[in-house]
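Here's a quick tour of one protein chain, meant to be read with the viewer open. Take a look first, then come back for the notes.

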Amino acid sequence: MLEIIDNFVRLTEIEPEWSSFARKIPGVTPFQLPQWLQTWWAHFGKNGQLHVLVFRESGAMVGIVPCFRHQWNGLRQITLIGSGISDYLEPAIDLQHVLGIVDRLRSHLESDPDWDVCDWQDLSADTPFVGIKPERNFEFAAKPDISCSEIRLSETFDEFRNARPKDLKRNLSRYRRKAEAMGSVQFE
């Protein structure tokens with residue numbers, strides 16, 4: 001089943017489910033979580049219309065493609081939420097359902113007359129979306145971007161933090177206290 005979310009109220013209603021689902025995806029980044037994408041939308045989505053695609057199997061979320069529609073250079077474009085300032089926009093998808101999701105996404109794009117350009121950037125190098133080619137005479141491009149940098153820690157976070165210089169640890173403690181004064185803080 002495909003659910004299309006076109007309003008922010010509904011998007012916030014599914015936040016707990018989305019967050020729980022996304023955290024189960026191997027290698028998930030902060031840029032795939034609803035907290036980042038909803039914040040991006042609140043600040044940068046003023047000139048667009050939400051068009052978030054939620055894929056479900058037996059009622060459970062198995063994929064989410066957070067997009068929006070907007071005008072760009074005189075064309076109607078579908079863009080991934082987070083574009084421009086996020087490092088990594090690969091939608092969160094359960095790998096067991098990837099083929100079905102790609103097929104449903106292709107069908108949706110083929111049957112949806114309200115877009116001219118679908119230009120998705122900052123995807124992983126092995127994105128399953130690169131093979132989507134709607135049969136309509138419209139431009140569709142899923143462009144894998146450069147790989148995101150990451151550093152694997154061989155020790156626990158506490159061991160990593162304790163090995164940092166004294167001034168850096170002091171600053172970290174000071175900024176943590178400031179953050180805690182504003183609300184709950186959790187390091188992962």
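## Confidence, fold and two odd loops

In this predicted model, confidence in the protein chain bottoms out in strand β7 (residues 139-144), with a mean of 54, and peaks in strand β2 (residues 49-57), at 96. Those scores are pLDDT, the predictor's confidence in each residue, from 0 to 100. Across the protein chain the average is 85, and 88% of the residues score at least 70.

Some ground rules: this being a predicted model, local features need pLDDT of at least 70 and side-chain atom pairs need 80 or more, while totals for chains, interfaces and linings use all residues. Numbering starts from 1 along each chain as its sequence is written, and side-chain values use heavy atoms, leaving out hydrogens and water.

The protein chain has six helices and seven strands (DSSP runs, numbered from the N terminus: H or I of at least four residues for helices, E of at least two for strands). Along the sequence they run β-α-α-α-β-β-β-β-α-β-β-α-α. Of the 188 residues, 39% are buried (under 20% relative accessible area; exposed is over 50%, partly exposed in between, with a 1.4 Å probe and protein chains only).

Now for the backbone oddities. Most residues other than glycine have a negative phi, yet two here don't:

| Residue | Phi | Loop | Relative accessible area |
|---|---|---|---|
| S58 | about 50° | between β2 and β3 (60-72) | 83%, exposed |
| N73 | near 50° | between β3 and β4 (75-80) | 68%, exposed |
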